[in-house]
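User: I am new to this structure and would be grateful for a close look at one part of it, the surroundings of the ligand. Please then connect that part to the sheets, helices and loops elsewhere in the chain.

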Amino acid sequence: MCHYARAMTGRTPPDETGTERDAGPATPADRLHAIVEQGLCTGCGICQSVAGSEVVRVQKVVNGYERPVVVGDLDHATVDRIYEVCPGTRVEGLPDRLVDDATHVDPVWGPWRRIVRAWAADPVVRHEGSTGGVLTALAIYLLESGRVDLVLHARPSTTEPTFGESHLSATPADVMAGVGARYGPTAPLVGVDEVLGMGRPFAFVGKPCDVAALRNLGRLDQRVDRLVPYMLAPVCGGYMPPAATAAFLERMGIDPSEVTGLRYRGRGCPGPTRIETADGSTEAHYLDFWGEDESMWMLPWRCKVCPDGIGEAADLAAADTWPGGSPTREGSDDDPGTNAVLARSAAGLELLEAAERDGALVIERDATIDEMSDYQPHQVRKKHAVASRYLGMADEGRIVPATARLRLDELAAAMPADEQARQRDGTRVRIGRGKATEPRPEAARPEVQGE
Ligand SMILES: Cc1cc2nc3c(=O)[nH]c(=O)nc-3n(C[C@H](O)[C@H](O)[C@H](O)COP(=O)(O)OP(=O)(O)OC[C@H]3O[C@@H](n4cnc5c(N)ncnc54)[C@H](O)[C@@H]3O)c2cc1C
């Protein structure tokens with residue numbers, strides 16, 4: 001049970017005007033919504049699966065994100081369970097049982113058995129893929145080799161053109177429907193209880209926070225370890241807040257309400273960002289969408305304080321390989337895409353090597369930890385900064401996610417003391433300015449035709 005959360009009062013965090021609301025003892029809904037209000041919801045959807053869709057529904061809310069809205073009779077015991085599995089309140093590294101003598105543990109990059117540069121052997125998968133199509137190639141290979149019956153992952157949303165949505169694939173064509181990275185809200189775990197209920201082995205592909213949620217569920221629900229032999233993750237720096245995506249579309253001269261489809265990247269690496277409207281399509285560069293460097297990235301608060309963007313709990317994680325962390329405009333036109341792949345568990349390593357042996361993947365060569373850090377300097381910086389940011393959150397009386405096996409204190413201690421203090425103070429300042437606060441989630445009004 002999560003005592004700190006149960007003891008909380010119904011006081012809301014200060015909003016942008018600094019106003020706090022004291023609503024008396026915390027109700028179950030207050031406690032669930034506190035995760036959202038304190039900017040810690042990742043939008044993964046697992047709370048809906050834990051509570052049941054008749055009680056909690058993860059849906060688009062007024063600020064444009066997908067967030068849990070209480071729609072039924074929520075009790076404290078269910079919220080206790082949600083606090084145990086939510087990746088806003090708990091994030092753990094690879095389970096101990098998957099770590100053995102063959103595992104190396106790097107302070108930044110965590111557990112790994114082999115690191116390679118690789119791409120999908122099928123040129124179509126490589127071209128369509130976000131980077132080199134490795135995750136899609138492996139998901140297809142898992143189905144075709146009979147290792148799993150199904151793959152739970154995400155595809156472009158059928159209702160919100162800038163979002164992703166949960167997708168259960170049984171065929172290679174289904175898997176291909178989810179190819180590519182989506183930088184909008186995506187809740188792959190909304191229906192995971194139902195998928196577990198099918199009793200069939202399945203692989204899961206999701207962001208590191210999604211994988212953390214599923215591993216957390218595995219601590220409470222034995223079906224996870226029995227039925228999910230493979231968890232795969234893209235390394236993730238965070239997604240784009242819906243308001244920032246709308247601002248990008250407006251900069252492109254496109255009314256966000258007219259968008260019918262948005263392909264963030266893929267078809268080369270990174271490939272064009274392609275926006276569809278009833279009048280046709282417009283293309284932009286990845287750098288037009290994200291900005292020229294990390295300092296311009298707009299991210300949800302939870303992503304700024306993410307303790308694990310590198311998929312530590314996954315059997316295998318796949319990343320980009322741009323030196324310095326961003327593509328260049330000149331280098332993007334004809335880059336066919338190469339993933340860096342970290343096989344973390346024995347299952348991840350066996351999968352990687354079997355997929356190469358059976359012709360599903362091409363492994364170019366082994367890669368080093370130093371190369372990983374060169375490809376992902378933002379991940380290295382965040383990993384060092386997170387523990388200090390958590391101290392700033394604690395200073396402000398905020399929920400601090402429970403973490404384990406992520407080496408966060410050790411990494412913070414490797415930073416100079418003044419940098420640790422700067423991270424801690426900066427977090428306090430941002431919280432004080434309302435930058436880490438979201439409104440209580442309220443379902444967005446469905447768009448009315450003709451408005
Ligand atoms: C939000 C986000 C941020 C990222 N940040 C980084 C980063 O900082 N550094 C880096 O190296 N790489 C980052 N990536 C990963 C990179 O874009 C590629 O996804 C990764 O290299 C795998 O490439 P691939 O070609 O193997 O993927 P693909 O073969 O195209 O497969 C992608 C798989 O991921 C699933 N997926 C896509 N989007 C989502 C989503 N939003 N939520 C859950 N599942 C999803 C798809 O269903 C598909 O199964 C990010 C990806 C995302 C989605």
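Analyst: The account below begins at the ligand and then moves outward to the rest of the fold. The model is a predicted one.

The ligand has 35 residues around it, and those that come nearest are G129, T136, P234, G237 and A319. Three elements give two or more residues to this shell, namely α6 (134–144), β7 (150–156) and β14 (316–319). Helix α6 supplies the largest share, with four residues. Sorted by class, the shell holds 15 nonpolar, 16 polar and four charged residues.

Helix α6 deserves attention beyond its part in the shell. Ten of its eleven residues are buried, so the helix is largely enclosed by the rest of the structure. The buried positions are V134, L135, T136, A137, L138, A139, I140, Y141, L142 and L143. T136 thus appears both in this buried set and among the residues that come nearest to the ligand. Just after the helix, G146 takes a positive phi of about 75°.

The strands β7 and β14, which also contribute to the shell, belong to an open sheet of eight strands. The order in this sheet is β8-β7-β9-β10-β14-β15-β6-β16, and the pairing is mixed. At its edges stand β8 (164–169) and β16 (361–366), each of which pairs on one side only. On average, neighbouring strands in this sheet are turned by 30° against each other, direction ignored. Within the sheet, β14 and strand β15 (residues 339–343) run antiparallel and are joined by four bridges. A319 is placed opposite A340 of β15, and A319 is also one of the residues that come nearest to the ligand.

A further open sheet consists of three strands in the order β11-β12-β13, with antiparallel pairing. Because β11 (259–263) and β13 (280–284) stand at the edges with a single partner strand each, one side of each is left without a neighbour in the sheet. Neighbouring strands here are turned by 20° against each other on average, again with direction ignored. Four bridges connect β11 with strand β12 (residues 273–277) in the antiparallel sense, and T277 in β12 is the bridge partner of V259.

The loop between β11 and β12 contains two backbone features of interest. Most residues other than glycine have a negative phi, and most peptide bonds are trans. R267, which lies in this loop, has a positive phi near 60° although it is not a glycine. With 16 other C-beta atoms within 10 Å, R267 counts as partly exposed. P270 lies in the loop between β11 and β12 as well, and the peptide bond leading from C269 to P270 is cis, with omega near 0°.

Another pair of strands, β1 (residues 56–60) and β2 (residues 66–70), forms a hairpin with five residues between the strands. The two strands pair in the antiparallel sense over five bridges, and V58 stands opposite P68 in β2. Between them, G64 takes a positive phi near 95°. Strand β2 is mostly covered, since four of its five residues are buried.

Two helix pairs complete the picture of the packing. Helix α2 (residues 28–37) and helix α4 (residues 76–85) pack with their axes 9 Å apart, at an angle of about 20°. These two helices are therefore roughly parallel to each other, and their crossing is left-handed. In the other pair, the axes of helix α16 (residues 377–395) and helix α18 (residues 417–432) come within 7 Å and cross at roughly 45°. That angle makes α16 and α18 oblique to each other, and α16 passes α18 in a right-handed crossing.

Two loop residues in the later part of the chain remain to be described. P401 lies in the loop between α16 and β17 (402–404). It counts as buried because 23 C-beta neighbours lie inside 10 Å. P401 and R90 are 311 residues apart in sequence, yet 5.0 Å separate them in space, C-alpha to C-alpha. R407 is located in the loop between β17 and α17 (408–413). Its phi is positive, near 60°, in a residue other than glycine. With 21 other C-beta atoms within 10 Å, R407 is buried, whereas R267 is partly exposed.

Notes: Residues are numbered from 1 along each chain as its sequence is written. This is a predicted model: local features need pLDDT of at least 70, side-chain atom pairs count only at pLDDT 80 or more; totals for chains, interfaces and linings use all residues. A residue is near a molecule or strand if its C-beta atom, placed from the backbone, lies within 6 Å of it. Ala, Val, Leu, Ile, Met, Phe, Trp, Tyr, Cys and Pro count as nonpolar, Asp, Glu, Lys and Arg as charged, and the others, Gly among them, as polar. A residue is buried if 20 or more other C-beta atoms lie within 10 Å of its own, exposed if 12 or fewer, and partly exposed in between; C-beta atoms are placed from the backbone. Two strands pair if DSSP finds at least two bridges between them. Axes are lines fitted to C-alpha atoms, for helices over the stretch in contact, and angles run from 0 to 180 degrees between N-to-C directions. Angles under 35 degrees count as roughly parallel, over 145 as roughly antiparallel, 65 to 115 as roughly perpendicular and the rest as oblique. A crossing is left-handed if the near helix is turned anticlockwise from the far one by less than a right angle, and right-handed if clockwise.
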